[in-house]
Structure formats: C-alpha cells, structure tokens
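Work through the following exercises with the sequence and the model side by side, and try each task before reading its solution.

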Amino acid sequence: MSDTSVERQSMEVDIACVGFGPAMGGFLTHLSRGLKAAEASGPIQSPTMPGAPPTVICYEKAEDLALGVSGVETEAKAIKSSFPDFDPASVPMTTWIKKEKTVYLMDPWGASRRPLLVRLADPILRLLGKKHSFTLPVNPPFLHKKGGIITALGQFNQWVAGQLMAEGAVQIWPSMAVEDLLLEKDAVTGVRLADQGVDKEGKPAEGFMPGMDIKAKLTVVGDGPIGSIGRKLNEKLGMPEGRHLWEWAVGMKFVVSLPDDCPLEEGTVIHTIGFPEPEIFGFFYVMPNKMASMGIFVPSWMQTPVRTSYRYLQYWMQHPYLWQYVKGGKVSSFGAKSLLESGIEGEPHLVGDGFARIGEGSGTTNILTNSGVDEAWASGRLLADAVLELLKSGQPFTRENLDKTYVASRRRSAIEKGTRKARHSRDGFRRGFLPGMVGMALAGFTGGLLYVPSREKAPHDMLIDLERYYRDRIPAAELRAMEAECLQKGGTLWEKILPRLGWPEVVFDGALLISHQDALLLGGKVQAVHGYRDHVLFDDPAACEACRTKSCVEICSGQAIARVEGRPVPAFDREKCVHCGACIWGCARGGRGDLAIDSNIAFLGVPGGLHSAEN
Amino acid sequence: MESILVIIDAEEDKPLSGQALETLGAAAALSAIVKKEISVGLVGSGDLSKVATALAGAAAKAFTFSDAALKDPGYARDAFAAAKLVKASGAAWVLAPASSRWSRALPGAAERCGGKVDTHITSFEEKGGKAAAGRWYYRQRIFGKILREQGPWFMTIETGSFPKAAVGVGAAPAVTPVAEALPASRSKVLGLRSLSGGKQTIKPDAELLLVAGAGWTKTQKDGVKHAKEAEGLILAFLEKYGASLGSSKAATDLAAEGGEALTFMTQLHQVGQTGASPRHAKGLATCCFGEEPHVVGWRFINERRAIDLNANCGWAQGKADVLYVADVFEVFKELAK
Amino acid sequence: MSIDHTYHLVICGSVVPDPLQSLEPVVTQGKPGLKNELMLPMVLDPFVNHSLNEAAKLREATKDTQVHLVAVGPKAKLQQLMMVLAQKTAFNLVAVDAPAGGFIDSHTVAAALAEAIKAIPGLDLQKTLVFGGWSSASRASGTTLQLVGEKLGITEQFFGVDRLTPAADGGFTVLERVEAGQHLETQVAGAPAVIGWATGELPELPNNPKIGMMNMAKIMPAIGKAKAVDLASAGFSVVDTALPAEKRQTRVVKDMPAAAVAAEIKEWIASGKAG
Ligand SMILES: Cc1cc2nc3c(=O)[nH]c(=O)nc-3n(C[C@H](O)[C@H](O)[C@H](O)COP(=O)(O)OP(=O)(O)OC[C@H]3O[C@@H](n4cnc5c(N)ncnc54)[C@H](O)[C@@H]3O)c2cc1C
Ligand SMILES: Cc1cc2nc3c(=O)[nH]c(=O)nc-3n(C[C@H](O)[C@H](O)[C@H](O)COP(=O)(O)OP(=O)(O)OC[C@H]3O[C@@H](n4cnc5c(N)ncnc54)[C@H](O)[C@@H]3O)c2cc1C
Ligand code: SF4
Ligand code: SF4
C-alpha cells in the first residue's frame, strides 16, 4: 500500500522475520542455538556478508511482545523438548496442568437459542437433579493435555524473547510492523516496514519517514492467523487446490483475580459447552497466585450476524457454575484475538523462492485438540533446522531447497499427523451444534476416520438473515425496525436483540462486570501509536452501503467499528482496536473476489494491538 | 536547637501567598507531633523584616536572606540562600511550599546541608512517637507515609493539604538577617513568557475547573464536527464563570496533531496520569471518557460533576457526584445565556 | 541551523510501569512495592522520554555531541525497554542493575547515578548537560536530578523545562514551567547544567531499524556488564501504602432538557461560593 515513488532507505539482512508469536519463538530459539553451537566448530557465515555471522531480524507489530492474548493450555510437547528443564515458575502465570474437566452448562435464563434436542436436555438434567450444569463423566481423551502447562502467551513470549536477546544471535524489534513484501516476480526478496509520520489515510505528515526496505535472502512469515503479510502471500499466490481459510473463531477472555475462598486448585482446566449459545465454547484455566484466565470462542459457524463476543462473555461468566468461583473476584485484564480453525484445510503454500511460513497462518493449529501454541512452536523449530542445514551447506533459500528440507519435515511431523486427524472433525458444525458435537466425538475417537461431513462454506456464507435466524423468536417486521433504527441513530443490533430474547441486563459492578470500554483500559491499553495510518479499511464502500446487518460492527471486540448516525459505511476508531481480526472474517459480504478470505475489510500491517501485563 | 523552619519566598511589600500560609499551617501540624518550635526563613528582596513582623503568632523566630537577585526564582541562588538559612537556624525539619520555585530548589538545599528531602507532602501523623509524612506515589494513585530517621528532613508541602496558619496575633518573631553574598551566577532570568498565545485559560486560583475531553471535537449528531463552535462555547464558559481549563490527554493530543481540535489546548492543560492533578473546589468534566488511571486528575477536586452522552463515562460513574447524560453543546449554549 | 559547539549529554532515566496499567500496592518481605511489579509492562519514564527526543535534536543542532543514557533499573526490564528505545536515536547505554520503583529513596538512586556518570570514560563534566525528567511517574518527587547535580558539583539547574534554545557560543536559554500555565525564561552561560524536562515540544522519535541495529551491538554488552547496586537507604521507610478507597455515589441524570441541566449547573457553580 505504501507509495512506491518516495525514496526509501534500505538495509540488507540475511533473514527477515515477520511477527513474534510462539512459531517465531520456536524458529529463533533453535536458529540462535544452532548459530551459537556452530561458533566453536566453524561459524556459519552470512550469505550477504561472508565472514560475518548471519543477521537475523524479527519485526513484531506489538509493543513489548505482549500481544499474545490467549490464556493457554498446552501439552507443550515441542516446547518441553526445546527446554527439557522447563520450570513453570520461571514464567509468570504459568503452572503444570493438574486437573481437566468438561462441563455442560444449562441455560439458567432460557434465553439462548438451543436446537430442540438441546432444549430438551436441560429439563431432563434438571429431573436428574442437576441444577445448572453437568460435568461429563470423562473428559474426552482428545482434549487431554496431561503433563502440559497452563500459561499466558504474552508472558511466555516475553520469556522466550528475553533469552534470545541475551544470547545476541538474533534481534527482535517490537513496535515495528511489516507493511508489505518485496517481490521480484514470484520470489520474495524481503519486507517493507510501515511508513511513519503519516496521517490516518497514510499520507505523509509531520515527521514523515518512509518505511524502510529490508532486503533479505529469506523472509520468514509467522504473523499468525490474521497477519497481513501471510494474507498478502495468499492473495498473490492463491491457495493450493482445495484449501481455504474458512473456519474462524474469535477468542475473548478476561484474566480474573479469584476470590480468596475460591476452592479451585492451581492447574485446573475447565472446558465448557452449551452456554451462552450452544455454538460458544468456554475455557477456564486456574493459574498461580489465585489468577485465572477465562474466556469463550465465538465461531464463524455461528450463523447469526449478531455475534457480540463481549456481551456473551459477560453472560457466560455469570453462569451460576462459573460465578460461584469468581464471585468476589476482580477482572484484571481483557483480550481478544482470532483463531484460524481451518487447520490443515487452510494450509497455504508453505514455501516459495525466498520465503517460508510457520505457525497458525501456515495451518498448524489442531482444531480437534484445541491446540495451537505447541504446533506453532514445533513448525518454527522444523524451519530452523532446515535453515541451518541450508546455511551450513551454502545452499540458497529457493522453493526447491525449502521444499526438500522444511516442507519434507513438516510432512513427516507430528503436527501433520495431528492436523490430518483433526481435518474434518469440525465439519459437522456447519450443519448445526448437535451434528457438530457428534462429528467431533466421532473424529476424536476414531483418529479422524469418521466424521459428519458437510458442504464447505465461506464465513460470510455461514451468516444468515436476521429474519431467518430469529424466525421463531422475533417477528421480521420488528427486526427490520431495529435495523432501520440502527442505521439512523447508530448503535448495535445486539443491544436491541439480546434483551428481546430474554437476556438479562448486565449490571456493572466495577469488579467483574465492567463496560466494554473500561475493559480495554483495564490492566492495559490499546496501543494506537501516533504517526501510522489506520489499519482497518472498508474496501468497497458500496458493499457496506448495501450491507444490512453490518456484522463487523456487531462482532468488533473493541467497539472500534461503529455505525455512524445516518451513514451507511461504519466508522473505525483505532484507539479502540485490539487487532483481533474478527472484523475480517466477520464481514457479512465477500467483497474482494475469489480470495482466500473473502472480506470487505482490509487489515493492514500497522503497529498496535492490546497491551497488558497479564495476557 | 532543633526546630521546624518554614522557608518562604517573600518581597518587602507583598502579602504572603496562600501557599506560604498553608505551609505554616503544615508546620503547626508537625509541631503538634514533634513538639518543636517553628521559625521562618524568608528568601527574597527588600526589607524582609516587615514581612517577618506580619508573621506574628505563626513563628517564634525569623531568619531572612535578602538580595535583589532573589526577586526572581533561580535554582542556584535559591538553593544557596535556603541552605544558609537552614544552617543559621539549626533546624531539624525544613518545610517549604511545593511551588515551582521550592520544588526546584529545596532538594538542592537539602543536599548542601547533608539532609534528606521529600516532596509533595499532604499530611502529617504520629507513628511510634515520630512524625510520618504522607504523600502520593505513582502520580496520585497510591498513598504512602514516609518515616525518616536521618535529618535534617526537608519537605515541600502540597497546596490544599493544610489549613492556612493564622497570623498577626501575638508576639512578632525575633528577626535574624543572614548576610552572605550570593555566589557568582552563570544564569540570568529574562522574564515570564506565555506559550498559549496569550489566552490565560489556566487559573490555579479558580474555584471551578472545566475539563474538556476529546468528545468536543468528535463527530456530532448531525454527522459533522463542530470544533470551532466548541472553542467558542468553552471560552465563553471560562470567561463567564471564571473557570480554569483542563483537558484529557486525547484532547491535548488532538491539538498537537492538528486537524479538528481545540486550538488553545496545550500540554499544560492535560489533567490526569501523565498530566496535572489540579486542586479546585469544583470540577465539571465534559465529553471525557477514560477510566482510572486517567481520572486521577480528578482526585483533588472536591465537588465533581460531569456531562457526557455516554452514561458509562469513566469520569463520572463512582467518581463524580452527578452525571448529566446530555449533549454538551446544548447545555453549554444554555449556560452561556 | 548548526552550532559549532560540543555538549556531553547525559540522560538519567529508567523504567516505570506503563502509566495505563492498574497498580496495586503490596508489601513483600517488609518492603513496599507493586503487585506483579516485574510482570507489569514497563516504559521509559515519560518525561525522560521527552528528554531523549530533545537530546536527539540538540545533537543534530550541534557538533560532535554525544548522548549517554544512564539507567538504574532491573536488568531484565532494561533489556525489554531497550528493544524499543534503541530504535529511536543513537546513544551509549550505562546500565546499573537495581530495582526501580516509586518507594525507593531518591537519595540512594541519585548516588548510584552520580557514581555511574563519573565513571563514563571520556566524559568532560565541564561540557556536560545532565538531562532527565523533572519528576518520575513512579516516585513523582522531582528530587533525583537535583541531588545528582549537586553530587557532580553542577549548580545551574532547571526543571519543568519545555524548551532549550542553544546559542552559537555554547550558551542557551531555557523555558521552565511555572504557575498559571506560564514559563520562566532564563539565559545560561553554558554547560555544565542540569535540565529536568517536562513534555518539551517535540514529537515522538520514529523507530529507525538501522539505528536500532547499530545501537543494539553496544547495548546488549552494556546490560550484560551492568553492576548490581543495593539501593537500601538507612533510616528511610515508606509504610501503609494503600489505594484510595474513594468511590462516590454518582447521581445519574438522564432525559433532562438541556436548559434544566444548565440551570442546575449554574446553581451548583454559584453555591457555597465563599469568595
Ligand atoms: C483466546 C485464545 C485462547 C487460546 N487458547 C489456546 C490454548 O489453550 N492452547 C493452545 O495451544 N492454543 C490456544 N490458542 C491459539 C494460539 O494462541 C495460537 O495458535 C498461537 O498463538 C499461534 O501462534 P503463531 O506464532 O502462529 O501466531 P501468533 O501468536 O498470532 O503470532 C503472530 C505475531 O505476528 C505479529 N504480526 C502480525 N502481523 C504483523 C506484521 N505485519 N508485522 C509485524 N508483526 C506482525 C502479531 O502481532 C503476533 O504477535 C488460543 C487463542 C486465543 C485467541
Ligand atoms: C501513556 C498514556 C498516558 C495517558 N495519560 C493520560 C492522562 O494523564 N490524562 C488523560 O486524560 N488521559 C490520558 N491518557 C489517555 C486515555 O487513555 C484516554 O484516551 C483519554 O483519557 C480519553 O480522552 P477523552 O475522554 O477526552 O476522549 P474520548 O475517549 O474520545 O471520549 C469522548 C467522550 O465525549 C463524549 N461526547 C462526545 N460528544 C458529546 C456531546 N455532544 N455531549 C456530551 N458528550 C459527548 C462521548 O460520549 C465520550 O464519552 C493516556 C494515554 C496514554 C497512552
Ligand atoms: S465491512 Fe462488511 S460487514 Fe461491515 S458494513 Fe461493510 S460489508 Fe457489512
Ligand atoms: S476493528 Fe479491531 S477490535 Fe474490532 S474486530 Fe476489527 S481487529 Fe478486532
């Protein structure tokens, strides 16, 4: 997007890396170790500057590397093999997993939209003496993370980065976003950093400094599920035959200081299903020092355009089963981020001349076991091994060489075995909650051999009309009136629809129940560094104009996208944007042709995100 | 003899500032705990013995350091004079107002006397037979109390924290002039400047503080921004009600960025965590969102009201006495009438 | 404009919790501190940050001026900070490994800083301008720089500075914030001096990857070499640290016509006016 006519500084490095998540952590850790280990025997030389060690630079758009917003539960097999003496006490908010259970939450308010069979389940459970919840007698084995850890991704990332910086073989630069790729024909020759000193539209303003061109022999793309650079590659190269990025969810969570009398033991993992809507799964991880990370996933297969994760998170938290544990506690931090749930179905071209992809954006996430961090780490490690091999033997980073090293090892890896098993495990959800649960269980218990098949659909095709979705609960005319009012006066549909369905008002108590804007400020801040352009753009205003439900407004995790009174195109306020990426796949209209994620929202590489001590 | 010395800047024919009298009040509170006598140390120009006489009842002794060069503040000269007064008085506690002048120079005087210094003290209390000095940490967010065993202990006293001492009753203090030449100086005061384009919108002595948030310059009901109109309404309000102006960070940032903003806003107006925490009897916040920690700018405002379109406005809920959920443009037009 | 004069700029500054974090006091092993202190994201003290911008500008305007940043803080946090700061402008880091927090006595911090400054190889005190923030976001006492200056024998000191204008002869004028939103202008013959910055007038420096790479090569070893210093202060303690408990009962007035709101506010403004 940056203007090509301005004069840019440029710099040559050997390896330029985009994004610092667990995937890049794994890559840099093993690359750094390899470079260090070789120092003794005969140092590995820089291809750009023979005689010197290779220069490896990683750019991360978040400040402080604390953008990881997931409270994580992971088996950590790969991570533990990288750190055999791993001691959870060395990373804040980290502990061994001790107990795991899955709990079905009944609907205490009768407001959720349950399919008939599920609706019948609640009275039956009540007859059986269950008041609000039902703990599954066995935790499904495919959900087990025995011997694993609970951690906070931001803390873990910082811990990894600290070690890397001290070793000094690689450099990590936070607050620096990659805006574009440097391309020569189909080869990637480096990255372009974001322009600084520009106005919201990206036009030069006071202190203009064009983003520097970083020329690199190898560009490692580990920018996660919604990374703009990974998505640029997808646009440029297309997806491999039959692959698509159609399964998404937004994970939103609170970190909570539990009350002193909370009986839950450190290391407890609770998964919830059934409530606030059957499509929404929940997690509750008990960390050291009476802290917990608790949150929900709102998936792209939830068909309503009115997917307000924040309000649903508050309802979920107030479910009597969870409330008993948190009551008297205090929310201390908030966060949200998208998950790419396509897994191997969404595997893009992993390598090409001059580039390689790792992590969730490369299709590593296992949707059956709900595991992304360890797989991402493992993919980084595989790439590090390949890169070391090529560096040592003086071979260039061509598609061919990367194919026979990195891609070959991915194919043999545990990641691939896992993601293949998981491949169709969630397909059933496209048919509904129950087929989905059945399909997941089938795939889980048969190692992916059996599943409930369904037709693949792009995320915006999963959304159905308000009238259809709420047909048995709210008259169409009333829904249309709500819509018209929103268009005229601004605001959101969920504010009107949820109460109408019987969802209670949320009464703020300043401790556990706080306003959405307070949540953004609590224990952290939205970084919206001055001098960069806006990163969320509405590509085709005409599409927004024609868009009735404006699902991007409803789903926005920071209230950063809002309807403006009387105006057809929503407004974006980056001071509130947590960079979750939900607007991308949550957009009701495919606007940009046949691309990997078809969306009317462009999401650019600009520094920022949500910054918090406890994420 | 161990005493409490109150250092005040003074001029021959000028009455003492309210801040100086409050510092004398603080000395009285400290004296009630440590049971020591109070002296004053006057730094300034002209015949300071007259000023000393006017302090009858509030201090038993007065030490003066007068020099024409002390008319204007200046670290090197002020620290020198204050240190001389402390040495002459033999004080064990030295208090001065937390004015811009003494906030700068008192720490230097402390170092020169081999003493210790703490600033922005808001309270004294007895703890284990000793005086503990209370103050805010982390920009008004955590309160703590300091205990020191080593002295002399220098402290600046925050405004609005202690009652003004009553003066002019009882015996005048005995005056001891300290006659010393100021050291050669490498600096020269040129005078006061106003950077905010001459419009004096910050008035520390005002009864009322108006906090204007970024909302004033945001898109309004009719889909457009009304920054110019907002400026007019705000200035008219300040004028009519003699109020001082503060702003949220967002509002000052907007002004710094150019574009549609309140042009008279400067960094000096910013109230809150990274700005000032002004002290006024009343505060009216308009168009401000933001939660703790920004709202700490409110902490020293006694009566607080807010106007905002958003009922969840962070400056109001639990922090203000009254929140009017209303359009500020409409309300201010009425207020201007 | 370029001035043919050389200053030695020494910036004193360290980390503070990102101002937007929620803070809660705790006492561990008898010492006051913050809950999760080492987990809190840290930033360069905001006023020091401004002084860094000003130092970069002054270096541009003068000849051969060097910039040293002297930081007393926990090694791990300094390292994190440097990942951001090193991209801003070239400087030479002097790191001292010690806690950085609001409840530490500024006297011991100042002593550590003065020692570290004296030990900077090649530093000419007669050419030195000591920069820093006029007060920190943690202790907010505004005393450290004065004490450092006194210990170095520098008696020309200025605080709450928003502008420094250098002159051709090495002298300069400064604008210091004083009451009522005004500034006091002072002319100074030249270094040595202490300048405690307020917000200054410069925008945030952009991140420059090249500067970052150059800086980092020197910074990481400097952090590695950081000497650990004990900042305990004899006879000094901060006790009873607490958050203000205040919560007001807010009366929310909705749906009242603007004229009525205005009338209520007018009445309130007029009430209890003692004069
Ligand atoms: C709420 C939630 C809960 C989760 N729970 C679990 C769990 O319990 N267990 C589990 O295993 N997984 C969990 N996950 C998934 C897990 O977080 C991801 O799978 C994992 O983080 C993927 O790692 P990654 O390195 O590929 O990408 P990311 O962690 O997304 O890292 C990518 C990085 O790239 C940066 N970046 C993007 N674009 C640019 C650019 N243009 N320039 C510079 N930098 C850029 C981003 O800021 C980011 O830091 C959860 C996710 C969420 C949201
Ligand atoms: C490092 C750092 C330090 C900071 N320090 C501070 C600080 O010291 N002080 C500070 O204030 N902030 C500080 N902030 C900024 C803070 O995060 C918020 O951005 C800021 O306080 C919000 O300012 P605001 O309320 O003016 O603007 P907004 O958040 O934009 O709020 C605007 C408000 O105006 C209302 N409004 C709009 N039109 C009308 C109308 N016609 N009538 C009535 N109401 C209307 C809206 O409802 C809204 O509530 C800091 C931020 C950072 C990053
Ligand atoms: S971005 Fe997408 S969802 Fe939002 S208004 Fe435009 S078309 Fe509709
Ligand atoms: S605008 Fe920002 S916060 Fe809102 S959905 Fe998009 S990325 Fe998330």
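**Exercise 1.** How do the residues of the shell around ligand 3 divide into nonpolar, polar and charged?

*Solution.* Begin with the conventions: this is a predicted model, in which local features need pLDDT of at least 70 and side-chain atom pairs count only at pLDDT 80 or more, while totals for chains, interfaces and linings use all residues. Residues are numbered from 1 along each chain as its sequence is written, chains are lettered from A and ligands numbered from 1 in the order in which they are written, and side-chain values use heavy atoms, with hydrogens and water left out.
Next, find the shell, where a residue is near a molecule if one of its heavy atoms lies within 4 Å of it. Of the 13 residues around ligand 3, the nearest are Cys544(A), Cys547(A), Cys552(A), Cys587(A) and Ala588(A). Helix H17 (541-546) and helix H18 (551-555) of chain A each provide at least two residues of this shell; helices (H or I, at least four residues) and strands (E, at least two) are DSSP runs, numbered from the N terminus.
Finally, sort by class, with Ala, Val, Leu, Ile, Met, Phe, Trp, Tyr, Cys and Pro as nonpolar, Asp, Glu, Lys and Arg as charged, and the others, Gly among them, as polar. The result for ligand 3 is nine nonpolar, two polar and two charged residues.

**Exercise 2.** Which classes of residue make up the shell around ligand 4?

*Solution.* The residues that surround ligand 4 include Cys556(A), Cys577(A), Cys580(A), Cys583(A) and His579(A). Sorted in the way described above, the shell around ligand 4 has eight nonpolar and four polar residues, and no charged ones.

**Exercise 3.** Describe how helices H3 and H4 of chain B pack.

*Solution.* Two packed helices are described by the angle between their axes and the distance between the axes. The axes of H3(B) (residues 75-89) and H4(B) (residues 100-112) come within 8 Å and cross at roughly 55 degrees; axes are lines fitted to C-alpha atoms, for helices over the stretch in contact, and angles run from 0 to 180 degrees between N-to-C directions. H3(B) is therefore oblique to H4(B), since angles under 35 degrees count as roughly parallel, over 145 as roughly antiparallel, 65 to 115 as roughly perpendicular and the rest as oblique. The contact (heavy atoms within 4.5 Å) involves residues including Tyr75(B) and Phe80(B) of H3(B) and Trp102(B) and Arg112(B) of H4(B). By class, this contact has nine nonpolar, one polar and five charged residues.

**Exercise 4.** At what angle do H4(A) and H2(C) cross?

*Solution.* The axes of H4(A) (residues 153-167) and H2(C) (residues 75-85) come within 10 Å and cross at roughly 80 degrees, and the two helices are therefore roughly perpendicular to each other. Among the residues that meet are Met165(A) in H4(A) and Met83(C) in H2(C). The contact divides into four nonpolar, four polar and no charged residues.

**Exercise 5.** Which strands stand at the edges of the open sheet of six strands, and why is one side of each left without a neighbour?

*Solution.* The order of the strands is S12(B)-S11(B)-S13(B)-S14(B)-S15(B)-S15(C), with parallel pairing; two strands pair if DSSP finds at least two bridges between them. S12(B) (244-247) and S15(C) (251-253) stand at the edges, and because each has a single partner strand, one side of each is left without a neighbour in the sheet. The twist averages 20 degrees from one strand to the next. S15(B) (residues 322-325) pairs with S15(C) in the parallel sense over three bridges, and Leu323(B) has Val252(C) as its bridge partner.
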